[in-house]
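This report describes selected features of one protein structure. Please consult the sequence and the coordinates alongside the text.

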Amino acid sequence: MLALLILFFIALTTGLLELVVSEDGFCSAPPSIISPPSHSNHLYWKVTNPTLSPSHLQDLPGFTRSVYKRDHALITPESHVFSALPDWTNTLAAYLITPAIGSHFVMYLAKMQGNSQSGLPDHDVERFVFVVQGSVTLTNVSGVRHKLEVDSYAYLPPKFEHSIKSEASATLVVFERRHASLENHFTEQIVGSTDQQPLLETPGEIFELRKLLPTSLPYDFNVHVNPRSLSVSNFFFVVVSFNILGPLPLQIMDFQPGEYLNVKEVHYNQHGLLLLEGQGIYRLGDSWYPVQSGDAIWMAPFVPQWYAALGKTRTRYLLYKDVNRNPL
């Protein structure tokens, strides 16, 4: 009888361990609920197929990891609310960050269906689009076309007539803000992909970094990218931050599991982040949040921030940051 009880206890605890600490980490369900990655999955497939209901929380109505505070917000996929995107056709959008939250920019997911087309932003608004699923065609007023696929992007200056069309399902991360222009300085359309951008030095840090936009004065923000490691166990997430006082830097950054930011950052810039792959712990102010693919974060000026990568999968994030402008 004692032996049977011992065997039952071992089976029970093993099952719990598999439930809570799975191959994909703290917010993952067992294979019977979430299919493991396959070679047919696209690069950022977890952004469009997030883990919405971990098995150990599926019977807890009303549960969400989303948090909104004065100086930061965490918006998780189970909280996304999609609705028709104004001026776009056959497109649904979930606004993740807007000025209503305290930001100087907007960040949203645009889910384009078959035969869909974008609208134009206000004349003084600049736009950055990054493809996370499917492909779209970007056409400017001169009729020049560019095909944008997963991991490619486009920067579209203010007053720049363009259209983005999709013949099938596609998902974009879109960032928009009112351009902080400078006299005799002008931005231009930019089309590219992350693998075309050179690796940059990161003194004092261990992550890899790529910037997607020029660092020259006309651009009031940039996008940074940390490239994927050759190892199958690195982590990827996307961070985007906009500040109306300066240009937008957009970056992608990669961390190996166990790696973390050396600097505990406190600065005047705002950030907007979308985690594309992986999982980890993010410190925002005095709070510590477990985060995973599909999570979005807004960081207000001067909120203490720090990140550490966990799990067995790679980390990458896309980072928006205002630059080249005096905060006064």
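The sections below treat strand pairing, aromatic contacts, a pocket and one loop residue.

**Basis of the description**

The structure is a predicted model. Residue numbers count from 1 along each chain as its sequence is written.

**The sheet of strands 20, 19 and 22**

Three strands form an open sheet in the order 20-19-22, with antiparallel pairing. Strand 20 (287-292) and strand 22 stand at the edges with a single partner strand each, so one side of each is left without a neighbour in the sheet. From one strand to the next, the twist averages 20°.

Strand 19 (residues 279-284) and strand 22 are joined in the antiparallel sense by 6 bridges. Within this pairing, Leu284 stands opposite Gln305 of strand 22, and Arg283 has Trp306 of strand 22 as its bridge partner. Although strand 22 stands at an edge of the sheet, 5 of the 6 residues in strand 22 (residues 305-310) are buried, so strand 22 is largely enclosed by the rest of the structure.

**Aromatic and charge-ring contacts**

The structure holds 8 aromatic pairs. One of them joins Tyr282 and Tyr307, whose ring centres are 5.2 Å apart and whose planes meet at 40°; the pair is therefore tilted. This pair links distant parts of the chain, since Tyr282 belongs to strand 19 and Tyr307 to strand 22, 25 residues apart. Tyr282 and Tyr307 are both buried. A pair of aromatic rings is described by the distance of the centres and the angle of the planes.

Elsewhere, Phe128, Tyr153 and Phe175 form one aromatic cluster. A charge-ring contact is found at Phe82, where Lys111 lies over the face of the ring at 4.6 Å from the ring centre.

**The sheet of strands 1, 2 and 21**

Another open sheet has 3 strands in the order 1-2-21, again with antiparallel pairing. Its edges are strand 1 (67-69) and strand 21 (296-299); each has a single partner strand, so one side of each is left without a neighbour in the sheet. The twist here averages 10° from one strand to the next. Strand 2 (residues 72-75) pairs with strand 21 in the antiparallel sense over 4 bridges, and Ala73 stands opposite Trp298 of strand 21.

**Strand 5 and its partners**

Which strands pair with strand 5? The table lists strand 4, strand 11 and strand 10, with the bridges of each pairing and one pair of bridge partners.

| Partner of strand 5 | Sense and bridges | One pair of bridge partners |
|---|---|---|
| Strand 4 (residues 89-97) | antiparallel, 7 bridges | Ile97 and Met107 |
| Strand 11 | antiparallel, 7 bridges | Val106 and Glu176 |
| Strand 10 (residues 162-166) | antiparallel, 2 bridges | Gln117 and Lys165 |

**The second largest pocket**

Rolling a probe the size of a water molecule over the atoms shows where empty space is left. In this model, the second largest pocket holds about 360 Å³ of space. The pocket is lined by 19 residues, and those closest to its centre are Val106, Pro121, Asp122, Val125 and Glu176. Strand 5 (106-117), strand 6 (125-133) and strand 11 (170-178) are the elements that give two or more residues to the lining. Which element gives the most to the lining of this pocket? Strand 11 does, with 3 residues.

The pocket and the strand pairing meet at two residues. Val106 and Glu176, which are among the lining residues closest to the pocket centre, are also bridge partners, with Glu176 in strand 11.

**A residue in the loop after strand 22**

Arg314 is placed in the loop between strand 22 and strand 23 (315-322). Is Arg314 buried or partly exposed? Its relative accessibility is 21%, so Arg314 counts as partly exposed; the class of buried residues ends at 20%. Arg314 and Leu276 are 38 residues apart in sequence, while their C-alpha atoms are 9.9 Å apart in space.

Key: Predicted model: local features only at pLDDT ≥ 70, side-chain atom pairs only at ≥ 80, totals over all residues. Heavy atoms only, no water. Buried < 20%, exposed > 50% of the residue type's maximum accessible area, 1.4 Å probe, protein only. Pairing = 2+ DSSP bridges. Axes fitted to C-alpha atoms, helices over the stretch in contact; angles between N-to-C directions. Phe/Tyr/Trp six-rings, centres within 6.5 Å; stacked < 30°, edge-to-face > 60°. Lys NZ or Arg CZ within 6 Å of the ring centre and 35° of its normal. 1 Å grid on protein atoms, 1.4 Å probe; cavity = no way out; pocket = protein on both sides within 12 Å on 5 of 7 lines; lining within 4 Å. Points joined across faces, edges and corners; volume = space filled by probe spheres on them.
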